[in-house]
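Let's take a walk through a protein together, one piece at a time. Have a look at the picture below before reading on.

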Amino acid sequence: MNLTKSDRLLLTLNKVLLVVVSLLVLLPLLYVFLSSFLQPNTLLNKGLMLSFSDFSLDGYTRLFADGTILRGFFNSVLYATGFTFVTVVVSILAGYTLSQDGLVGKKTIMIFFIVTMFFNGGLIPTYLLVRDLGMLNTVWAIILPNAISVWFIILARTYFKAIPNELKEAARIDGASDFMIFLKIILPLSKPIIFVLALYAFIGQWNAYFDAMIYLEDRELYPLQLVLRSILIQNEVQPGMIGDQMARAELQRISEMIKYSSIVIASLPLLIMYPFFQKYFEKGVMVGSLK
């Protein structure tokens, strides 16, 4: 391919911009990661450094010794996994149904769904509904109330409408029922949208804490993000993380290391997931773009 001078200049500027954006993303991550191992005094006086003599595992040791972070971590895994499963199943089934040309009242149903994207009952009616259903202080209060996303249903519907009808017609000629068509033909072709919806739902629920703050009273049920909120925003380090009585300076040192260590632990699952799901991002973002 022959590139003009303006094309080469544009590509060079694009590469420089991508490098700058990458550094803006990576440097804070690197700072938090190294800070979780460095003594606060070393961090303040010398900045970030790779001298192993100044490294310490006190933050991680005290986090794992107390169990609060681990309990919140497993709670978040449970909530995010359950939420993702319900969201993806409902979105795929609703999206496929609404993509069928022969569905009676399809436009009316879509209007009803879209209205809920802009108008809702508000926090107090939602809280009263969750309370009357007996879900307060339970796992279901975190998983069910927001599990149905109209935006996800629209994405799934758009993806299914792009699948050629000839595939379904050929299956019907062979004697396949609607359920078998969906199970044997549509679902295997829907891996990109399933993975994209699952990733979006998992990340959204993993980072959420407001619903847990409203609906949960038992600290044993707190997700990781609510535990982090107590540590980072309210500056409440659990007594079990500190252990025995110590001087104020030592208490401050341990508290700072615990804060950075807890951020690393909370971010690690998402950093691990992204490389495996990255190949599905483009397909998910491009859903419906041609139309």
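**Starting with one helix**

Find helix H8, which covers residues 150–161. Its 12 residues reach 16 Å from the first C-alpha to the last, close to the 16 Å expected at 1.5 Å a residue. Keep in mind that what you see is a predicted model.

Is H8 mostly covered or not? It is mostly covered, with 9 of its 12 residues buried. Those buried residues are Val-150, Phe-152, Ile-153, Ile-154, Leu-155, Ala-156, Thr-158, Tyr-159 and Phe-160. And what covers them? The cover includes H4, helix H5 (106–118), helix H10 (178–189) and H11.

Two of those covering helices, H4 and H11, also pack against each other, at an angle of about 140° and with their axes 8 Å apart. Angles over 145 degrees would count as roughly antiparallel, so H4 and H11 are oblique to each other instead. Their crossing is right-handed. If you want to see where they meet, look in H4 for residues including Phe-73, Tyr-79, Phe-83 and Val-88, and in H11 for residues including Ile-194, Leu-197, Phe-202 and Trp-206.

Now for the cores. In soluble globular proteins, nonpolar side chains tend to be buried together. Here, the largest nonpolar core has 26 residues. Those with the most contacts inside this core are Ile-69, Phe-202, Trp-206, Leu-216, Leu-224, Leu-270 and Met-273. Which helices supply at least two residues each? They are H3 (58–66), H4 (68–98), H11 (191–206), H13 (224–232) and H15 (248–277). H15 gives the most to this core, with 7 residues. There is also a second, separate core of 19 residues, which includes Tyr-96, Ala-156, Tyr-159 and Ala-201. You've met two of these names already: Ala-156 and Tyr-159 are among the buried residues of H8.

Let's zoom in on Leu-216, from the largest core. Leaving out residues up to four places away in sequence, Leu-216 touches Tyr-79, Asn-137, Thr-138, Ile-142, Asp-211, Leu-221, Tyr-222 and Pro-223. Tyr-79 should ring a bell, as one of the H4 residues that meet H11.

Finally, try Arg-172, which lies in helix H9 (residues 165–173). Its relative accessible area is 40%. Buried means under 20% and exposed means over 50%, so Arg-172 is partly exposed. Setting aside its neighbours within four places in sequence, Arg-172 is in contact with Asp-178 and Ile-181.

How values were computed
Residues numbered from 1 in each chain as written. Predicted model: local features only at pLDDT ≥ 70, side-chain atom pairs only at ≥ 80, totals over all residues. Heavy atoms only, no water. Core = buried A, V, L, I, M, F, W, Y, C linked by side-chain atoms within 4.5 Å. Buried < 20%, exposed > 50% of the residue type's maximum accessible area, 1.4 Å probe, protein only. Helix = DSSP H or I, 4+ residues; strand = E, 2+ residues; numbered from the N terminus. Contact = heavy atoms within 4.5 Å. Expected span 1.5 Å × (residues − 1). Axes fitted to C-alpha atoms, helices over the stretch in contact; angles between N-to-C directions. Parallel < 35°, antiparallel > 145°, perpendicular 65-115°, else oblique. Left-handed = near helix turned anticlockwise from the far one by under 90°.
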